[in-house]
Amino acid sequence: MIFPACFCISFEPEEEYRMSAVGESPDGTIEILNIVPMQGPGGIFAPSCDAAISLAASEINRGAGILGREIRTTNIDGGRPPAEVATEVAALLATGMVHAITGWHTSAVRRAVAKANDGRVPYLFAVSHEGLPDELPGVLLVGEHPAGHTVAAVRWLGKELGVRRWAIIGNDYIWPRETAKAVRRSLIDPDAIVLERFVPLGTPSFGEFLLHPDLDRAEGVIILMVGADVARFNRQFCAMGRAADQVRVSPAADENVLLAGGAEANHNLYVPSSFFLNEKLTDGRDRKARYRRMHGSFAPALTTFSNATYEAIHALRGLAETVGSLDVPSLQCALADGVHFQTPGGPRGFVGNQAIQPGYLARADGVEFDIIDRIW
């Protein structure tokens with residue numbers, strides 16, 4: 001993109017990639033900073049997210065761009081400690097050449113980046129979150145609220161499969177801890193959660209949890225971990241023979257996680273999302289075809305999570321075109337008025353700063369997802 005020691009690849013279908021040197025900021029461009037994890041447990045998602053972002057940018061630029069201006073994107077590593085990510089974002093914002101931020105990364109990083117941004121540019125967060133009402137100006141939550149995501153999935157599994165006793169294992173940061181609290185508040189029985197543990201990101205072994213005697217009392221396990229940690233847990237869980245009798249629900253698993261775990265590790269695994277790509281859903285088949293035409297048959301899969309990053313870029317375009325500006329106060333006023341806009345996935349709207357979209361529940365089928373119901 002436009003910053004020292006970085007480069008931006010501008011993707012166009014059936015053309016060679018064109019490199020634009022850092023430091024150049026051509027007039028008439030909209031510069032978007034995308035934060036995606038390139039290391040740690042979430043690094044498993046980076047190649048898919050990068051490719052999906054480039055598809056969205058290409059589609060927008062083949063049209064009228066955003067507000068009549070071509071968009072250019074730069075990805076930075078959101079897998080580092082939150083303060084480190086926020087420091088880099090602050091430095092880039094200080095140049096005055098960043099017009100928007102999108103992110104697929106942890107809530108801990110989001111909170112740090114939101115403070116660094118301080119409402120200067122719109123910041124579209126594309127990941128499910130913990131639902132706390134303390135977002136700073138400019139933060140738009142494109143990802144799912146727990147009420148229509150994890151909590152709704154737990155409710156469905158209780159109603160349809162009779163799961164009444166739960167164990168929770170999560171990474172030790174704000175999203176898992178606050179989502180666990182939301183789940184607990186939603187359960188009528190105060191003793192429904194029989195075991196709850198939080199472990200560091202990148203934990204290699206889950207033996208203490210898997211061997212805990214209270215886990216035998218659970219009918220289901222809620223996995224509030226990220227990426228590679230979920231795949232590792234699933235392998236260890238199934239190796240202990242638990243998958244046949246205990247269901248799992250994981251709100252932070254996509255097709256990359258299924259592949260990393262292996263088909264046998266995904267038995268009896270359920271995943272909620274608003275961003276599944278399925279032939280039954282709007283633009284599902286056509287979007288996959290456009291993606292393959294652009295990137296080829298050996299590209300990273302267009303997954304549930306990378307599709308969320310694609311939707312975030314298009315949501316930015318839809319909002320800007322509807323409101324006529326990327327100015328944060330103008331966007332906030334439009335959100336307060338109940339603005340609606342269009343994305344390739346269909347019409348979208350916000351209540352406050354939370355995007356409203358349908359939610360679905362899928363069951364893992366080997367290394368793919370089978371959507372079984374709408375839950376929101």
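1. A residue counts as partly exposed when its relative accessible area lies between the buried limit, under 20%, and the exposed limit, over 50%. In this predicted model, Asn 75 has a relative accessible area of 25%, and therefore falls in the partly exposed class.

2. Asn 75 sits in strand E4, which covers residues 70-77. Leaving aside residues up to four places away in sequence, its contacts are Asn 34, Val 36, Met 38, Asp 50 and Ile 53. Two of these contacts can be described further at the side-chain level. The side chains of Asn 75 and Asp 50 are joined by a polar contact of 2.7 Å, and those of Asn 75 and Asn 34 by a polar contact of 3.1 Å.

3. A separation is also available for Asn 75 and Pro 137. Their C-alpha atoms are 22 Å apart in space, and the two residues are 62 places apart in sequence.

4. Turning to the sheet, seven strands make up an open arrangement with mixed pairing, in the order E9-E8-E10-E11-E12-E16-E17. The edge strands are E9 (193-199) and E17 (368-374); each has a single partner strand, so one side of each lacks a neighbour in the sheet. From one strand to the next, the twist averages 25°.

5. Within this sheet, E10 (residues 220-224) and E11 (residues 247-249) run parallel and are paired over three bridges. Gly 220 has Val 247 of E11 as its bridge partner.

6. Two helices can be placed against the sheet. Helix H7 (residues 228-239) packs on it and touches E8, E10, E11 and E12, with its direction at about 155° to that of E10. Helix H4 (residues 150-161) lies across E8 (166-171), E10, E11, E12 (269-273), E16 (360-365) and E17. The angle between H4 and E12 is about 135°.

7. Helix H10 allows a check of its length. H10 has 20 residues (304-323), and at 1.5 Å a residue the expected span is 28 Å; the C-alpha atoms at its ends are 28 Å apart, so the two values agree.

8. H10 is mostly covered, with 16 of its 20 residues buried, that is, under 20% relative accessible area. After the helix comes Gly 324, which has a positive phi, near 85°.

How values were computed
Residues numbered from 1 in each chain as written. Predicted model: local features only at pLDDT ≥ 70, side-chain atom pairs only at ≥ 80, totals over all residues. Heavy atoms only, no water. Helix = DSSP H or I, 4+ residues; strand = E, 2+ residues; numbered from the N terminus. Expected span 1.5 Å × (residues − 1). Buried < 20%, exposed > 50% of the residue type's maximum accessible area, 1.4 Å probe, protein only. Pairing = 2+ DSSP bridges. Axes fitted to C-alpha atoms, helices over the stretch in contact; angles between N-to-C directions. Contact = heavy atoms within 4.5 Å. Polar contact = N/O pair within 3.5 Å; in protein donor to acceptor, adjacent residues only side chain to side chain.
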